[in-house]
Amino acid sequence: MPLWNTLARAATAAGDEILLRQRGALYEIRFNGLELMSNLNHQSETVLAERSLRLHGRPEARVLIGGLGMGFTLRAALELLGPAARVTVCELIPEVAAWNRDRIGHLAGDPLRDPRVDLRVADVMEVLLEHRAGFDVILMDTDNGPDFTVRPANGRLYGDGGLAVLRRALRPDGLAAFWSATASEPFERVLDAQPWHWRRDDIQLIGGRVDAFHHIYLASAVPERVGARRAAPVPALAAP
């Protein structure tokens with residue numbers, strides 16, 4: 001088995017280390033020694049965009065994606081959106097944005113080259129605060145979910161205040177979706193306390209154990225957007 005090859009590294013002002021590395025066809029971004037994302041199991045990121053946009057149902061939607069990652073959520077959104085759609089992508093770490101342009105963009109078909117995309121190297125909360133009723137769909141993939149935030153400040157995104165800001169940034173019939181590595185009971189209690197209709201979809205990982213899932217929380221002020229409060233587990237997608 002080939003060894004890992006470090007392609008690039010970056011550091012945040014807080015002293016966190018971000019590492020981009022490769023082993024054969026596998027690429028991985030690590031944050032302080034922990035895997036943050038890879039191109040091995042990204043089907044749930046694809047489902048995050050596909051399910052949300054199909055539920056919303058408008059190909060010319062204005063979309064905000066919190067977190068660029070390796071571009072898989074963005075690519076899936078672009079495949080479903082029409083030519084007049086606009087996608088704003090927020091990426092906090094400049095180096096991750098740069099890596100998507102010059103090192104790993106090919107993994108998702110170079111979605112940043114699409115003219116419908118506006119990349120903002122900024123905190124997604126700042127962008128949400130700039131836009132009142134500005135987005136039809138908001139896709140949050142900034143962390144490993146509400147229970148495993150990349151940095152402590154991101155916890156506000158999943159609390160009462162952050163969700164209120166997000167709700168104001170949505171249009172009245174809009175839809176928000178949150179990616180999570182775990183089913184989060186604390187986050188579900190926060191959603192219950194807000195004027196949301198919501199459900200959780202459980203996405204089984206390709207090649208994973210029967211208990212290996214990622215999770216997507218779908219929320220809207222319009223109950224028809226999300227259907228039942230919780231959905232049954234979703235089978236793993238076919239391998240590409």
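Two strands count as paired if DSSP finds at least two bridges between them. Strand 3 (residues 26–31) and strand 4 meet that mark, with four bridges joining them. The two run antiparallel. Arg-30 stands opposite Glu-35 in strand 4. Keep in mind that this is a predicted model.

Now step back to the whole sheet. It is open, has four strands and follows the order 1-2-3-4, with antiparallel pairing. Strand 1 (5–11) and strand 4 (34–38) stand at the edges. Each has a single partner strand, so one side of each is left without a neighbour in the sheet. Neighbouring strands are turned against each other by 25° on average, direction ignored. Helix 3 (residues 94–102) packs on this sheet. Helix 3 touches strand 1, strand 2 (17–23) and strand 3. The direction of helix 3 makes about 145° with that of strand 1.

Next, the nonpolar cores. The largest has 29 residues. Val-63, Ile-65, Leu-74, Leu-81, Val-87, Val-89 and Leu-139 have the most contacts inside it. Several elements each supply at least two residues of this core, including helix 1 (43–56), helix 2 (72–80), strand 5 (62–66) and strand 6 (86–90). Strand 7 (117–120), strand 8 (135–140), strand 9 (170–180) and strand 11 (213–220) do likewise.

Take Val-87 as a way in. Leaving aside neighbours within four places in sequence, Val-87 is in contact with Val-63, Ile-65, Leu-74, Leu-78 and Leu-81, among others. Arg-116, Val-117 and Asp-118 are also contacts of Val-87.

Another core, of 26 residues, lies apart from the largest one. Among its residues are Cys-90, Ile-138, Leu-170 and Phe-187.

Conventions
Residues numbered from 1 in each chain as written. Predicted model: local features only at pLDDT ≥ 70, side-chain atom pairs only at ≥ 80, totals over all residues. Heavy atoms only, no water. Axes fitted to C-alpha atoms, helices over the stretch in contact; angles between N-to-C directions. Contact = heavy atoms within 4.5 Å. Core = buried A, V, L, I, M, F, W, Y, C linked by side-chain atoms within 4.5 Å. Buried < 20%, exposed > 50% of the residue type's maximum accessible area, 1.4 Å probe, protein only.
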